[in-house]
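Please open the structure in a viewer and keep the selection tool at hand. The tour below proceeds stop by stop, stating what to select and what is found there.

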Amino acid sequence: MFISSNHTINKFVLLGLAESPDVQLLLFGVFLLIYVFTLLGNVGMMTLVRTDPHLHNTPMYFFLHHLSFTDACYSTVIMPNMLVSFISRNKDISFTGCVAQLYSFVFFGIVECYLLAIMAYDRYAAVCSPLRYVVMLPKTVCVWLVSTSYLLGFLYAAIYTGCTFGGPFCNSNVINHFFCDIGPLLKLSCSDRFLREKVIFAFVSLNGISTSGIILISYLYILSAVLRMRSVQSRSKAVNTCTSHLMVISLFYGTGFFMYLQPSTSHNGLDKVAAVFYTLVTPLLNPIIYSLRNREVKEAFMKHMKSLRLH
């Protein structure tokens, strides 16, 4: 469907992941399960941290609580609309709905980037200065760091959304994606999008370099501290405290950089696969990774289950 340049678009059409009705029905079942388990995992992690005094008063789990909240919201921004489109065959999304979806998606994505960077610094403090861990990250500092993440998410989301919707859409209203994302939307713009793409690329690079830089520097210090440890047990404990975080970072940043640190002309069919991973699969895996790889979380979960059986 092509739209004339003097016509105001009031809706977009999302092509989604598949056109075949049978495949869409199959995808509905798969993604419904993913969404249900994503909510169960992340809400469960939030509940566990809130109810267990030890976890609640430890900086790492304070950050993990907000990461789980972000993941649950991040997935909810995209998944319900996609599930409805699978069963209703209606792939339309209003212009306002598309703006809101893009803004919310970017907001929670940016917050997650900064939370992962903060958690890297948290691991640095725990491994390199264990005796000063609580002093380096008191409650007020933790709250300030998380609040700053949300503020930066708010600002970045406004910039990205403003640049994406800053020109007329007169080429088409059909988005070759399963949600309103920056790249597919910019392709529909009929005005010169070069400057807007450069602004978005600059801020994505700034965000990516700043957060990944914090993560890299933190882990270089951690690696240096681990190599200086004489005890094998101490080394193993230090590595175990970082493994979960490293796995989550690899999943999120790997697919995110693939999507957003390349020009729009370089995007191809793999974009949807990468997008599925960092928008839908990563929020599902994060609580699983932290649950399976973290002794304190497992102990808190078992204690919580015992208390439920007693009641």
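## Stop 1: A residue on the first helix

Begin by selecting Leu 40, which is found in helix 1, a helix that covers residues 21–51. The model in the viewer is a predicted one. Is Leu 40 buried or exposed? Its relative accessible area is 56%, and Leu 40 counts as exposed because this value is over the cut-off of 50%.

Now add Leu 32, Leu 33, Val 36 and Phe 37 to the selection; together with Leu 40 they form a nonpolar patch on the surface. The accessible area of these residues together is about 470 Å².

## Stop 2: The whole chain

Next, show the entire protein as a cartoon. Eleven helices and three strands can be found in it. Followed along the sequence, the elements come in the pattern β-α-α-α-β-α-α-α-β-α-α-α-α-α. Of the 311 residues in the protein, 49% are buried.

The unreviewed UniProt entry places the feature "transmembrane region" at several stretches, among them residues 61–82 and 199–222. Select residues 61–82: this stretch is 100% helix and 0% strand, and its end C-alpha atoms are 31 Å apart. Then select residues 199–222, where the chain is likewise 100% helix and 0% strand; here the end C-alpha atoms are 34 Å apart.

## Stop 3: The sheet

Select the strands. In what order do the three strands lie in the sheet? The order is 2-1-3, and the three strands form an open sheet with mixed pairing. Strand 2 (92–94) and strand 3 (174–175) are the edge strands, since each of them pairs on one side only. Strands of a sheet pair through backbone hydrogen bonds, and the pairing may be parallel or antiparallel.

Strand 1, at residues 11–14, pairs with strand 3 in the parallel sense over two bridges. To see one position in this part of the sheet, select Val 13 and its bridge partner in strand 3, Val 174.

## Stop 4: Two salt bridges

The structure holds two salt bridges. Side chains of opposite charge can pair when their charged atoms come close.

For one of them, remain at the sheet and select Asp 92 and Lys 11, whose side chains meet in a salt bridge with an N to O distance of 3.0 Å. Asp 92 lies in strand 2 and Lys 11 in strand 1, so this pair ties together parts that are 81 residues apart in sequence. Asp 92 is partly exposed, at 31% relative accessibility, and Lys 11 is also partly exposed, at 32%.

For another, select Arg 123 and Asp 122, which form a salt bridge in which the closest N and O atoms are 2.7 Å apart. Are these two residues buried or exposed? Arg 123 is buried, with a relative accessible area of 6%, and Asp 122 is buried as well, at 1% relative accessibility.

## Stop 5: A lysine in helix 10

Finally, select Lys 272, which lies in helix 10 (residues 270–293). The relative accessible area of Lys 272 is 18%; this residue therefore counts as buried, the cut-off being under 20%. What does the side chain of Lys 272 reach? Add Gly 16 to the selection: the side chain of Lys 272 reaches the backbone oxygen of Gly 16 at 2.8 Å.

Definitions and conventions
Residues numbered from 1 in each chain as written. Predicted model: local features only at pLDDT ≥ 70, side-chain atom pairs only at ≥ 80, totals over all residues. Heavy atoms only, no water. UniProt positions renumbered as here; feature names shortened; annotations may be inferred. Helix = DSSP H or I, 4+ residues; strand = E, 2+ residues; numbered from the N terminus. Patch = residues over 30% accessible without salt bridge, like charges linked within 9 Å, V, L, I, M, F, W, Y side chains within 5 Å. Areas by Shrake-Rupley, 256 points an atom, 1.4 Å probe, with all protein chains shown as cover. Salt bridge = Lys/Arg side-chain N within 4 Å of Asp/Glu carboxyl O. Buried < 20%, exposed > 50% of the residue type's maximum accessible area, 1.4 Å probe, protein only. Pairing = 2+ DSSP bridges. Polar contact = N/O pair within 3.5 Å; in protein donor to acceptor, adjacent residues only side chain to side chain.
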